[in-house]
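Trainee: Have you got a few minutes to go through this one with me? I'd like to ask about cysteines, cavities and one leucine.

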Amino acid sequence: LVLAAAMGIGRFAYTPLLPGLLESLGWTLAQAGDVASANFLGYLAGALVAAFLVHRPQRRVWLVLGMVLSVLTTGAGFWAGTLTHWLMLRFLSGLASAFCLVLGTAVVVEALLRLRRPQLAALHFAGVGIGIVLSVLVVEGAGCFGASVFGQWGALGVLSGLMMGLAGWGMRGLPVGRPIASGARRETARGSGIRLWGGPLARTIWAYGFYGFGYVVTATFIVAMARRVENADLIEPLTWLMVGVLAAPSVLLWQWLAGRHGLFTALRAAYLVEAVGVLLAGYGTGQVALLSGGALLGVTFMGIVALGLGAARQLAISDQDRAMGWMTVAFGLGQLLGPGIAGRMAQISGGFELPSLLAAALLLVGI
């Protein structure tokens with residue numbers, strides 16, 4: 001529920017609502033990209049702070065604060081009417097989503113380990129796809145009743161509030177204990193460093209940063225791309241719905257593939273599949289291409305996160321905390337740069353072909 005509300009809705013609802021914001025507020029594609037980048041700047045800052053808080057006994061308090069902030073910044077889209085308002089809101093929303101992802105995942109996964117049910121972590125990550133699906137249903141439902149894009153944001157805020165309330169109620173039943181990551185392990189890690197040049201871990205960190213740029217161009221603009229094709233009123237929600245439906249089971253799928261064929265083989269395959277999806281969405285002129293691009297994005301983007309972090313843990317051995325920090329920074333910088341650059345490229349070239357080509361090229365370099 002936390003990931004569905006904070007990530008699926010709070011972080012990614014901007015994508016299906018972007019065409020309406022462009023029309024209502026008169027933004028250029030460059031400005032739309034800047035607003036998306038503000039969200040990812042907030043996510044990067046929040047993830048770095050949350051990584052410090054994740055080992056603290058008070059982390060549940062910070063998680064609840066992140067949950068509340070996520071609801072408020074989603075619902076506040078009902079009132080936001082200027083570019084400055086949206087830059088601030090999306091920054092704070094990114095901050096909240098990072099707290100919910102990092103701290104919420106730590107709380108849930110450690111509870112599952114204590115309950116000896118670690119396989120249920122895939123259900124936790126399915127929340128992102130479930131939230132995307134719910135956001136499409138709410139946006140389309142509100143639109144059927146004549147709600148503007150601002151009314152649709154308000155409806156999503158109400159849904160987010162209900163989901164976070166249920167999540168808070170459910171958290172009472174989670175086993176409480178000290179964070180599993182021990183001070184001794186962190187002391188051991190402090191003496192060693194991570195090289196950012198040369199070696200398999202360094203290459204994995206750089207590849208993860210390329211993934212941050214590679215996925216985010218399509219993830220931000222795919223619904224705006226769909227507005228340009230025939231029957232856009234139908235294709236827009238279907239494209240984003242396809243992303244959410246396939247994102248929900250994707251972590252389980254890629255973990256299974258990694259178990260059968262090896263983690264790095266599965267990770268390279270996921271990068272390749274996503275690169276194909278990025279090109280289909282960016283260069284495709286018809287409905288099938290866009291829907292296929294959305295499907296390939298949905299089936300890979302959460303899977304790559306899970307496999308990428310697993311690969312870094314496997315390579316880091318005794319310095320896993322620091323490796324996770326560098327992975328977060330690389331990914332955060334990639335997705336921070338992506339929307340702003342892509343929006344400007346699309347505005348200058350008159351289409352999303354060039355930014356999609358750049359994104360796909362970086363994914364191939366990541367392989």
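Mentor: Start with a cysteine. Cys144 has a relative accessibility of 70%, so Cys144 counts as exposed, the cut-off for exposed being over 50%. Keep in mind that this is a predicted model.

Trainee: And Cys100, buried or exposed?

Mentor: Cys100 is buried, because its relative accessible area is 0% and buried means under 20%.

Trainee: How many disulfides does the count come to?

Mentor: The count is 0 disulfides, going by cysteine sulfur atoms within 2.5 Å.

Trainee: Change of topic. How many cavities of 30 Å³ or more does the structure hold?

Mentor: There are 2 cavities of that size. The largest cavity contains about 70 Å³ of space, and the second largest has a volume of about 40 Å³.

Trainee: Which residues line the largest cavity?

Mentor: Its lining consists of Arg11, Phe12, Tyr14, Thr15, Ala36, Asn39, Phe40, Arg90, Val216, Ala219 and Thr220. Two or more lining residues come from each of helix 2 (14–25), helix 3 (29–53) and helix 9 (200–226).

Trainee: How does that lining divide into nonpolar, polar and charged?

Mentor: The lining of the largest cavity has 6 nonpolar, 3 polar and 2 charged residues.

Trainee: What lines the second largest cavity?

Mentor: Phe12, Ile132, Tyr215, Ala219, Trp240, Val243, Leu297 and Phe301 do. Helix 9 and helix 10 (232–247) each give at least two residues to that lining.

Trainee: And what is the class make-up of that second lining?

Mentor: The second largest cavity is lined by 8 nonpolar residues, with no polar and no charged ones. Phe12 and Ala219 are listed in the linings of both cavities.

Trainee: Now the leucine, Leu336. Which helix is Leu336 found in?

Mentor: Leu336 sits in helix 15, which covers residues 320–349.

Trainee: Is there a cut-off issue there? What is the relative accessible area of Leu336?

Mentor: The value for Leu336 is 19%. Leu336 therefore counts as buried, since the cut-off is under 20%.

Trainee: Which residues does Leu336 touch, leaving out those up to four places away in sequence?

Mentor: Leu336 touches Ser37, Phe40 and Leu41. Phe40 came up before, as one of the residues lining the largest cavity.

Trainee: What separates the C-alpha atoms of Leu336 and Gly33?

Mentor: Those C-alpha atoms are 9.7 Å apart, while Leu336 and Gly33 are 303 residues apart along the chain.

How values were computed:
Residues numbered from 1 in each chain as written. Predicted model: local features only at pLDDT ≥ 70, side-chain atom pairs only at ≥ 80, totals over all residues. Heavy atoms only, no water. Helix = DSSP H or I, 4+ residues; strand = E, 2+ residues; numbered from the N terminus. Buried < 20%, exposed > 50% of the residue type's maximum accessible area, 1.4 Å probe, protein only. Contact = heavy atoms within 4.5 Å. 1 Å grid on protein atoms, 1.4 Å probe; cavity = no way out; pocket = protein on both sides within 12 Å on 5 of 7 lines; lining within 4 Å. Points joined across faces, edges and corners; volume = space filled by probe spheres on them. Nonpolar A, V, L, I, M, F, W, Y, C, P; charged D, E, K, R; others polar.
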